[in-house]
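Student: Please show me the model. I would like to ask about its helices.

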Amino acid sequence: MSARTVEEAAKRLAGVVTRTPLEPNERLSARVDARVWLKREDLQTVRSYKIRGAYNFIVQLDAEHRERGVVCASAGNHAQGVAYACRRLGADGRVYVPGTTPRQKRERIATLGGSHIEVIVVGETYEDAFTAAKQDAERTGATLVPAFDAPETVAGQGTVAMEVVAQLGFVPDVMVVPVGGGGLLAGIAAWAAERAPEMRIVGVEPAGATCMAAALAAGEPVRLEAVDTFVDGAAVALAGSVTYPLVRDGGVELTDVAEGAICTEMLSMYQSDGVIAEPAGALATAALGTTVKIDPGQIVVCVVSGGNNDVSRYGEVLERSLIHEGLKHYFLVGFPQEPGALRRFLDEVLGPDDDITRFEYVKRNSRETGPALIGVELARPGDLEGLLHRLEVSPLQVERVEPGSPLFHFLV
């Protein structure tokens with residue numbers, strides 16, 4: 001993989017992909033005392049950068065292979081790129097997505113591909129979908145279009161860095177890139193190694209899916225035992241055999257950020273910047289100033305990789321954000337089954353700014369107490385200490401629902 005490979009991909013993509021805006025961001029600039037720009041790939045033709053790799057791969061197939069059709073596995077964004085490319089190039093394809101792929105993405109795939117694309121839901125993870133797509137290709141002779149693990153895909157993704165430098169007119173000090181299987185990071189690193197070696201490149205993985213970090217630690221791609229699928233666009237269990245060595249040899253840094261922090265950043269982007277980012281699209285900016293340290297005055301580019309977010313997910317996004325910020329807590333409380341018990345709880349236990357956001361009570365006629373599940377939202381994280389003390393000295397039976405417990409995962 002060379003810079004020339006990426007530049008040849010850019011020629012194929014000319015007139016097909018959108019030259020997405022590069023926008024300064026005051027909120028993030030103030031956060032790190034630097035000049036922060038957003039590369040808005042959420043405004044791409046298919047609302048993510050994935051079209052770059054998918055089209056660059058499919059357009060290079062000869063007539064015979066196009067006639068046999070293509071298949072792919074995707075959490076949603078790559079599939080949209082494949083669907084768009086198939087419709088534009090007149091090829092037929094089948095797209096395999098896991099059951100965790102939001103409905104919005106599934107419907108968008110079908111719309112972009114029209115009669116050229118069939119969407120098939122299988123399993124619960126990207127790996128389940130990839131296995132099914134690979135079996136389909138072996139059975140039918142269709143060409144498998146990898147989401148990240150192919151030189152053609154990587155070269156297409158790397159054109160993001162080319163555009164950034166062309167738009168700025170110079171090489172930025174830092175580029176922060178979201179990481180799933182590593183296609184975008186590998187492509188940017190390959191191009192920058194020859195054309196912008198002075199640029200610091202930082203890849204950001206979700207804390208629940210750090211497959212590239214695992215590969216670097218082991219010296220080869222290794223499969224994660226478990227993956228948090230919330231950041232669906234980057235929830236990959238196994239780094240690519242093509243992308244891993246490019247990342248390893250590319251002189252890049254790698255870090256991760258908690259899913260709750262990603263949710264907080266998604267809300268900030270929406271409320272402050274007017275940017276609708278999917279979880280993977282907020283990875284880079286969520287890490288800025290926390291796990292990614294920036295020197296004052298530096299010029300920083302964060303890639304907003306996608307904007308295919310299902311509006312129905314915002315309830316969960318808000319919940320995860322509040323928990324991460326230390327503002328939302330759950331308790332199991334045993335109330336005496338007598339008049340006035342709830343009133344005493346409100347008056348004696350809750351603080352003046354505490355808010356009950358969930359209350360589920362089960363009355364047991366054969367017992368002296370009845371259990372209640374209570375969700376409390378605090379005004380400030382520091383208010384938790386006082387609440388816990390008042391619960392401890394009260395006569396109530398109280399059990400805190402700890403993050404990570406089975407009941408907690410049932411609630412959130």
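Some questions and answers on helix packing follow.

Tutor: This is a predicted model, where local features need pLDDT of at least 70, side-chain atom pairs count only at pLDDT 80 or more, and totals for chains, interfaces and linings use all residues. Residues are numbered from 1 along each chain as its sequence is written, and side-chain values use heavy atoms, leaving out hydrogens and water.

Student: Which residues of helix 1 are buried?

Tutor: Helices are DSSP runs (H or I, at least four residues), numbered from the N terminus. Buried means under 20% relative accessible area, with a 1.4 Å probe and protein chains only. In helix 1 (residues 3-13), the buried residues are Ala3, Val6, Ala9 and Leu13.

Student: Why are they on the same side of helix 1?

Tutor: Take the directions from the helix axis to the C-beta atoms; the arc is theirs. The buried residues lie on the same side of helix 1 because they cover an arc of only 120°.

Student: Which exposed residues does the face turned away carry?

Tutor: Exposed means over 50% relative accessible area. Opposite the buried side, helix 1 carries the exposed Arg4 and Lys11.

Student: At what angle do the axes of helix 3 and helix 8 cross?

Tutor: Axes are lines fitted to C-alpha atoms over the stretch in contact (heavy atoms within 4.5 Å). Angles run from 0 to 180 degrees between N-to-C directions. The axes of helix 3 (residues 50-58) and helix 8 (residues 151-168) come within 7 Å and cross at roughly 135°.

Definitions and conventions. Helix = DSSP H or I, 4+ residues; strand = E, 2+ residues; numbered from the N terminus.
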